[in-house]
Every structure is written in structure tokens, then in C-alpha cells.
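Me: Please take a close look at the side-chain pairings in this one, starting with the cysteines. After that, follow the thread into whatever packing and backbone details sit around them.

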Amino acid sequence: MPELDPATTALLTVECQNGVVGEESALPELAEEARDSGMLGRVAALVDAAHGAGVQVLHAVAERRPDGLGANSNARLFRAAGRLPVRQLTGSRAVEVAAPIEVGARDLVVRRLHGLSPMAGTDLDALLRNLGICTLVVTGVSSNIAIPNTVFDAVNLGYQVVVPSDAVTGVPAAYTAEVIRNSLALVATITTAEALIKEWAPPR
């Protein structure tokens, strides 16, 4: 495990927003998996532990303008998203961070209008560098697309990446373990939410 110095480590939640993992999700199968597997609760616990340890927390949110201006249309996924009954519209409840995750006063929310990764074409990399971050802990959804994109982008940009395997998920559920084993484990440190929470617990 790389050094998890609170001064140089950040925790990132990816698309843990109402319209994705909340009860009114545009993707009910993914939302059900996030809740029923305990992933969402573990992300919330990690955020709480990070707050207590002084680890910077950032929340990456995917959204789009009502007119779709600037959004991608070059993949089936993007075109389907525009037809879903729940849309991730800027300023709507769908793009708010989902309970039980608590957004702290010092947390940063990074929004994107396009693409597959919160690292590409957003302020995330610049914010992390300005904060002196060397290690990024990646949590959230989905292991199908956004999580691998985030991990690979962060590694390419020179960050040490840590993935708590039980704080990410996708559909079908079994796919997450395969992505972690065959792809993410080759470039990131794989751990658990419990191990990170212990790492960030105050000394007794």
C-alpha cells in the first residue's frame, strides 16, 4: 500500500449522485446493486473517516445541460442517457450527492458535462495538484466504465491510485471482481474500505 499521508492523499467518489445510485436513479439495476451490496454505505463510511483524518474529499458528478450543449453523442451510452426518464440535469436533485454520503464543508464537487471520466476535461487534475495530492483513493460507480477510466487517467497523470474493492461496483455484480482482478490490480493498489478506515482512524 502506498503511503496514505492525509496531507497528500485524497478520496474521490465517482458518480455517487441521486440520479445514478439514489432511489430515483436513471439506472435502477446499478442503484440497487450499490445499495444492496453495501457499497454506498461503505463509501459513506470512508468519507466520514477521511473527514476525521483530514483527508481531502472530492465528489465527481456527471451532469448535462437541459439543451445537451457540449455533451457527447459519439457512443450508444451517451445517446441512451438522453432518452432516460431521469436525466442528470445541472441544478437538479439528480446531480446531488446521494445519501448516506455527507458532503463536508471542505469537500470539493467536480462536475463534468461530457466524456466518461471525471479526470478528462475537468478541473480535477489541477485541483489535486494544487492541493499537493500524490495518492488518489477511487470509489463509486461504475466498474463498467467510469471507475476504470478514472483509474487509468489518474495513473497516466502520475498519481498513485488505491481502489477499495468493496467501495466500487457495477452490473452485473460479478463483473466488478473480474475488472479488479484482470485490469485495475495491474495499475492500482487494491484494498478494502475497512483497511482504509482503520488507516485513517485516530490513534488511541
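Reply: On disulfides, a search of the whole structure finds zero. Keep in mind that this is a predicted model. Two cysteines are worth a look anyway. C16 has a relative accessible area of 2%, so it counts as buried, the cut-off being under 20%. C134 comes out at 44% relative accessibility, which makes C134 partly exposed.

Now for the charged pairs. Side chains of opposite charge can pair when their charged atoms come close. With nitrogen and oxygen required to be within 4 Å, the count for this model is seven salt bridges.

One of them joins E15 to R112, with 2.9 Å from N to O. This pair ties together distant parts of the chain, 97 residues apart: E15 is in the loop between β1 (9-14) and α1 (18-21), while R112 belongs to strand β3 (residues 108-112). Are the two partners buried or exposed? E15 has 13% relative accessibility, so it counts as buried. R112, at 8%, counts as buried too.

Stay with E15 for a moment, since its backbone also deserves a look. Its phi is near 55°, a positive value in a residue other than glycine. For background, most residues other than glycine have a negative phi, and most peptide bonds are trans. So on E15 you have a positive phi and a salt bridge to R112, in a residue that counts as buried because its relative accessibility is 13%.

Two other salt bridges are of the within-a-helix sort. E178 and R181 meet at 2.8 Å, N to O. Both are in helix α7 (residues 173-182), and they are separated by about one helical turn because they are three residues apart. E178 is partly exposed, with 39% relative accessible area. Over in helix α8 (residues 193-200), E194 and K198 pair up at 3.6 Å, N to O. These two are four residues apart, again about one turn of the helix, and both of them are exposed.

Helix α8 also leads us into the nonpolar packing. The largest nonpolar core has 27 residues, and L11, V21, V43, L46, I101, L196 and W200 are the ones that touch the most other members. The elements giving two or more residues to that core are α1, α2 (28-36), α3 (39-53), β4 (135-141) and α8. Which element gives the largest share? That would be α3, with eight residues.

W200 is a good residue to click on if you want to see the packing. Leaving aside neighbours within four places in sequence, W200 is in contact with L4, T9, L11, L46, A49, A50, A53, V55 and V137. Among those contacts, L11 and L46 also show up in the list of core residues that touch the most other members. There's a second, separate core as well, with 24 residues, including L58, A60, L136 and V151.

Not every nonpolar side chain is tucked away, though. F152, L186 and V187 make a nonpolar surface patch of about 280 Å². F152 is part of helix α6 (residues 146-156) and, with a relative accessible area of 34%, is partly exposed.

Carry on along the chain and you meet L157, in the loop between α6 and β5 (160-164). L157 is partly exposed, at 34% relative accessible area. With neighbours within four places in sequence set aside, L157 is in contact with M119, D125 and R129. For a sense of distance, the C-alpha atoms of L157 and P66 are 32 Å apart, with their positions 91 residues apart along the chain.

Last stop, the backbone at two prolines. The peptide bond from A99 to P100 is cis, with omega near 10°, and P100 is placed in the loop between α4 (76-81) and β3. A cis bond also joins V171 and P172, where omega is about -10°. P172 is in the loop between β6 (168-169) and α7, and α7 is the helix that holds the E178 and R181 pair.

Definitions and conventions. Residues numbered from 1 in each chain as written. Predicted model: local features only at pLDDT ≥ 70, side-chain atom pairs only at ≥ 80, totals over all residues. Heavy atoms only, no water. Buried < 20%, exposed > 50% of the residue type's maximum accessible area, 1.4 Å probe, protein only. Core = buried A, V, L, I, M, F, W, Y, C linked by side-chain atoms within 4.5 Å. Contact = heavy atoms within 4.5 Å. Patch = residues over 30% accessible without salt bridge, like charges linked within 9 Å, V, L, I, M, F, W, Y side chains within 5 Å. Areas by Shrake-Rupley, 256 points an atom, 1.4 Å probe, with all protein chains shown as cover. Disulfide = S-S within 2.5 Å.
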